[in-house]
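This briefing sets out the main features of the structure shown below, grouped by topic. Please read it with the sequence and the coordinates at hand.

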Amino acid sequence: MKNFLEKIDYKNIPHHVAIIMDGNGRWAEKRGKIRTFGHKKAIKSIKETLNGCKELGIPYITLYVFSSENWNRPKKEIDNLMYLFYTNSKNYLEEIHEKNIKIITIGEIERFSKMIQKELLFFVKKTKNNTSGTLILALSYSGREEILRATKNIAEKVCNGTFSLKDINFSFFKNHLYTKDLPDVDLIIRTSGEYRISNFLLWQSAYAELYFTNILWPDFRKKDFFEAIINYQKRKRRFGNIE
Ligand code: IPE
Ligand code: IPE
Ligand code: MG
C-alpha cells in the first residue's frame, strides 16, 4: 500500500469520482454460486473504496448501485437485491455516518419499497450536516431519465411563464438535475472489463476521464482504487483547449 501512496500527487486529487461497480454476478458464477452471493461481497469493496477516498481527501464519490434498467432483471434477483439493500442499509449507513460522511441519493427512489425509502431518507436527513465528504448513491438511476425529467420541469416553467426561453443556459439546466449541488465528475471508474457508460451521469461526465479495469467489483480493493487515481493523475485534461 505504501508504494501506491507514495505515487499519489496530493495536489491533483479528483474532486468527484464516480464508480460503475460491475461484475458481481460473474464473480459469483465463476465460483458456482448464485449471483446474489456476488452482490453480498460487493459491500467490502465499497468499504475499501470509501476508506481510500477518505485517505486521499476526495470530497465527492458517486456509486452506481442500481440502474433504472436493472429493474428488467429476473424477479428473483431483484427481490434478493432489495432484501440486501434493506438488511444492510441500517448498519452500513450508520457506519458511514460515524465517519462524518454526508449521504445523498440520486435517481427515482420512489420506485423502491416504502421501507427502503424510509431508511434512505432517514440517513440522508441524519447525515446532512456531516463534513468529511459526500457519498452519492445512484439508485434506480438513469442519465437519460434525469435529463428528460429536467427538460419537462423546465418546459413546464416556460409554459406557465415563470421563466422564458432566454433564461435557459447551462447553469439553469444543471439546476434541474438531481446533481444540482454537485461538481462535474472528474473520473469514472468501471470494473469488470466492460467498456461502456450504461446510462450513468451522462450530463455530468461530459469531460470526465474514463478508467476501465478487468477486476470484478467484489475483488476491487483500496490499492486498485489508488491505482485508478494514479492513472488519472497521469492524464492531460485539455477541455478542448490546447495545453
Ligand atoms: C453490478 O454487477 C451490480 C448491479 C448491476 C446491481 P452485475 O450484477 O451487473 O454483475 P455482472 O455484470 O452480471 O457480472
Ligand atoms: C451498470 O451495470 C449498473 C450498475 C453497476 C448499477 P450493468 O451490469 O447493469 O450494465 P450493463 O448491462 O452491463 O450495461
Ligand atoms: Mg453487470
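Where is the place of Asn241? In this predicted model, Asn241 is found in the segment after H8. An open sheet of six strands is described next, followed by the helices that pack on it, the contacts between helices, and individual residues in loops.

**The sheet**

- The six strands of the open sheet are arranged in the order E3-E4-E2-E1-E5-E6, and the pairing is parallel.
- The edges are formed by strand E3 (102–106) and strand E6 (209–212), each of which pairs on one side only.
- From one strand to the next, the twist averages 20 degrees.
- In general, strands of a sheet pair through backbone hydrogen bonds, in either a parallel or an antiparallel manner.

**Strand pairs**

- Edge strand E3 pairs with strand E4 (residues 134–141) in the parallel sense over five bridges; Ile106 has Ala138 of E4 as its bridge partner.
- Seven bridges join E2 and E4, again in the parallel sense, and here Thr62 stands opposite Ile136 in E4.
- E1 and E2 run parallel and are joined by five bridges; Ile20 stands opposite Tyr64 in E2.
- At the other edge, E5 and E6 pair in the parallel sense over four bridges, with Ile189 opposite Tyr211 in E6.

**Burial of the strands**

- Because six of the eight residues of E2 are buried, E2 is largely enclosed by the rest of the structure.
- Edge strand E6 has two faces: Glu209 and Tyr211 make up the covered one, whereas Leu210 and Phe212 make up the uncovered one.
- Tyr211, on the covered face of E6, is also the residue that stands opposite Ile189.

**Helices on the sheet**

- Helix H4 (residues 75–98) packs on the sheet and touches strand E2 (60–67), E3 and E4. The direction of H4 makes about 160 degrees with that of E2.
- Helix H8 (residues 222–233) lies across strand E1 (16–20), E2, strand E5 (187–190) and E6. H8 runs at about 135 degrees to E5.
- Strand E2 is thus named in both arrangements, being touched by H4 and crossed by H8.

**Contact of H3 with H4**

- Two packed helices are described by the angle between their axes and the distance between the axes.
- Helix H3 (residues 35–56) packs against H4 at an angle of about 25 degrees, and the axes are 10 Å apart. H3 is therefore roughly parallel to H4, since angles under 35 degrees count as such.
- The crossing of H3 past H4 is right-handed.
- H3 contributes Arg35, Thr36, His39, Lys40, Ile43, Ile46, Lys47 and Leu50 to the contact, and H4 contributes Glu77, Asn80, Leu81, Leu84, Asn88, Tyr92, Glu95 and Ile96.
- Sorted by class, the residues of this contact of H3 with H4 are seven nonpolar, four polar and five charged.

**Contact of H3 with H8**

- What angle do H3 and H8 make where they pack? The angle is about 50 degrees, and the axes are 8 Å apart. H3 is therefore oblique to H8.
- H3 and H8 make a right-handed crossing.
- On H3 the contact involves Glu48, Thr49, Asn51, Gly52, Cys53, Glu55 and Leu56, and on H8 it involves Lys222, Phe225, Phe226 and Ile229.
- By class, the contact of H3 with H8 comprises five nonpolar, three polar and three charged residues.

**Residues in the loop between E5 and E6**

- Most residues other than glycine have a negative phi.
- Ser198, although not a glycine, has a positive phi of about 50 degrees. Ser198 lies in the loop between E5 and E6 and is partly exposed, its relative accessible area being 31%.
- Asn199 is likewise not a glycine and has a positive phi of about 65 degrees. Asn199 is also placed in the loop between E5 and E6.
- Is Asn199 buried or exposed? Asn199 counts as buried because its relative accessibility is 14%, and buried means under 20%.

**The segment after H8**

- Asn241, in the segment after H8, is exposed, with a relative accessible area of 53%.
- Asn241 and Ile229 are 12 residues apart along the chain, and their C-alpha atoms are separated by 23 Å. Ile229 is one of the H8 residues in the contact with H3.

Key
Residues are numbered from 1 along each chain as its sequence is written. Chains are lettered from A and ligands numbered from 1 in the order in which they are written. This is a predicted model: local features need pLDDT of at least 70, side-chain atom pairs count only at pLDDT 80 or more; totals for chains, interfaces and linings use all residues. Side-chain values use heavy atoms; hydrogens and water are left out. Two strands pair if DSSP finds at least two bridges between them. Axes are lines fitted to C-alpha atoms, for helices over the stretch in contact, and angles run from 0 to 180 degrees between N-to-C directions. Contact means heavy atoms within 4.5 Å. Angles under 35 degrees count as roughly parallel, over 145 as roughly antiparallel, 65 to 115 as roughly perpendicular and the rest as oblique. A crossing is left-handed if the near helix is turned anticlockwise from the far one by less than a right angle, and right-handed if clockwise. Ala, Val, Leu, Ile, Met, Phe, Trp, Tyr, Cys and Pro count as nonpolar, Asp, Glu, Lys and Arg as charged, and the others, Gly among them, as polar. Buried means under 20% relative accessible area, exposed over 50%, partly exposed in between (1.4 Å probe, protein chains only).
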